[in-house]
Amino acid sequence: MNLKTFLLNSTGRGMVSLFVLLLFAAPALAMLWPSSVTPASAAVDAFSAERAMQDLHVIASEPHPQGSPAQERVCDYLAEQLRLAGLEVEIQRTQGLENVVARLGGSDSTGAIVILAHYDTVSNSPGAGDNGSAVAVLVEIARALAAGPALRNDVIILFDDGEEWPDIFAGTKVFVRQHPWMSDVRLAISIDTAVAGPIATNEVGPKNNGWLVQALAHAYTGGAWTSFSGGGQYNSTPFKDAGIQVLALEDNYPFRQKHTAEDTLDIIRPASMQQRGEQILAIARELGRLDLA
């Protein structure tokens, strides 16, 4: 066999191998880019990214940093949506912060689960990705939980203020240190950013977390998961520092538009919000039935 024939045969075999590899890899890669979206006409106890996107249009219409009039308007909107869903709502005002806090009572509670997302932005960004996308997801999750079957455990919804500079996690710290509901909290789930990709799991624990990993497995909805196994600093960190189990579902990659004027609605994929919302709703319902004591 001459060199030319050898190269031609090798190239052919390589192309076939590449084709076979792509054939098997395509379904796995497709999971990294969710595509389905549940319409706004769906039952209220289901998660609809179309409804969440309607919320996001209000939340991310302009920059709303801590203490700004725009932040006050977003605060009022979130409180109104939670009240309309039937939750007990209050505004925790202290130290120049406004946390929107709501509670959904359980049927036989063994403790409370906190699901939190910060709703402030940096001064020059409307924050559609960071963190309007997660805020809108959490509004829709709250609706679905309130409309669905009663959970055993209480669920606390926390839209915390002041996560961005200068004192990161300021709103979460204030809730942990001062809010009377903190004494009931057994688990905190922080969510942040649902721009384009799959749900990311950055922290589970920090220790004795086997029961929580099992709960995640039982609640799995079939979408792709990624993990940075961060163990770093997330919005749930003040809860972890207080000895509370945490689950951080936060995309910690620095997407190009983050903290810029380009972090607008057009970079958001509703299908990513759908995948994240469905999965977190399933997790909340699974944890809502467990004995957290």
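Begin the tour at D184, which at 28% relative accessibility counts as partly exposed, and keep in mind throughout that the model is predicted. Show the side chain of R103 next to it: the side chains of D184 and R103 meet in a salt bridge with an N to O distance of 2.9 Å. D184 belongs to the loop between α5 (170-178) and β5, while R103 belongs to strand β2 (residues 97-104), so this pair ties together parts of the chain that are 81 residues apart in sequence. The two partners fall into separate accessibility classes, because R103, at 12% relative accessibility, counts as buried, whereas D184, at 28%, counts as partly exposed.

**Further salt bridges**

From there, select R51, D55, E140 and R143 together, since these residues are joined into one network by salt bridges that share partners. The count of salt bridges comes to 12. Another of them is found by selecting R73 and E62, whose side chains meet at 2.9 Å, N to O. R73 sits in helix α3 (residues 69-84) and E62 in the loop between α2 (49-59) and α3, with their positions 11 residues apart, and the pair is one that links distant parts of the chain. Colouring by accessibility will show R73 as partly exposed, at 47%, and E62 as partly exposed also, at 32%. Next, select E98 and R93, where the salt bridge has an N to O distance of 2.8 Å; E98, at 12% relative accessibility, counts as buried.

**A buried aspartate**

Now move to D160, in strand β4 (residues 154-160). Which side chain of opposite charge is nearest to D160? It is K173, but K173 is 11 Å away, and D160, although buried, has no salt bridge. What the viewer will show instead is a polar contact of 3.2 Å between the side chains of D160 and T172. If residues up to four places away in sequence are left aside, the residues touched by D160 include N99, L116, A117, H118, Y119 and D120, together with G171, T172 and N235.

**Strand β9 and its partners**

Select residues 245-250 next, which form strand β9; six of its six residues are buried. Looking along the strand, Q245, L247 and L249 point one way and V246, A248 and E250 the other way, and all of these are buried. Then add strand β5 (residues 185-192), which pairs with β9 in the parallel sense over six bridges; to find the register, select S190, which stands opposite A248 of β9. Which strand pairs with β9 in the antiparallel sense? Strand β7 (residues 203-205) does, over three bridges, and here G205 is the residue that stands opposite V246 of β9.

**Backbone details**

Stay at G205 and show the backbone, where a cis peptide bond, with omega of about 25°, joins G205 to P206. P206 is placed in the loop between β7 and α6 (210-219). In that loop between β7 and α6, select N208 as well, which has a positive phi of about 50° although it is not a glycine; at 65% relative accessibility, N208 counts as exposed. Most residues other than glycine have a negative phi, and most peptide bonds are trans.

A second residue to inspect for its phi is T193, where the value is near 75°, positive in a residue other than glycine. T193 is placed in the loop between β5 and β6 (199-201). Is T193 buried or exposed? At 1% relative accessibility, T193 counts as buried. For another cis peptide bond, select D130 and N131, which are joined with omega of about 10°; N131 is found in helix α4 (residues 128-147).

**The whole chain**

Finally, clear the selection and return to the full chain, whose secondary structure comes to eight helices and nine strands. Of its 293 residues, 53% are buried, and its accessible surface comes to about 12,800 Å², with 58% belonging to carbon and sulfur atoms. If contacts with a separation of 6 or more are drawn as lines, 81% of them will be between residues 24 or more positions apart.

Key: Residues numbered from 1 in each chain as written. Predicted model: local features only at pLDDT ≥ 70, side-chain atom pairs only at ≥ 80, totals over all residues. Heavy atoms only, no water. Helix = DSSP H or I, 4+ residues; strand = E, 2+ residues; numbered from the N terminus. Buried < 20%, exposed > 50% of the residue type's maximum accessible area, 1.4 Å probe, protein only. Lys, Arg positive; Asp, Glu negative; His and termini not counted. Salt bridge = Lys/Arg side-chain N within 4 Å of Asp/Glu carboxyl O. Polar contact = N/O pair within 3.5 Å; in protein donor to acceptor, adjacent residues only side chain to side chain. Contact = heavy atoms within 4.5 Å. Areas by Shrake-Rupley, 256 points an atom, 1.4 Å probe, with all protein chains shown as cover. Pairing = 2+ DSSP bridges.
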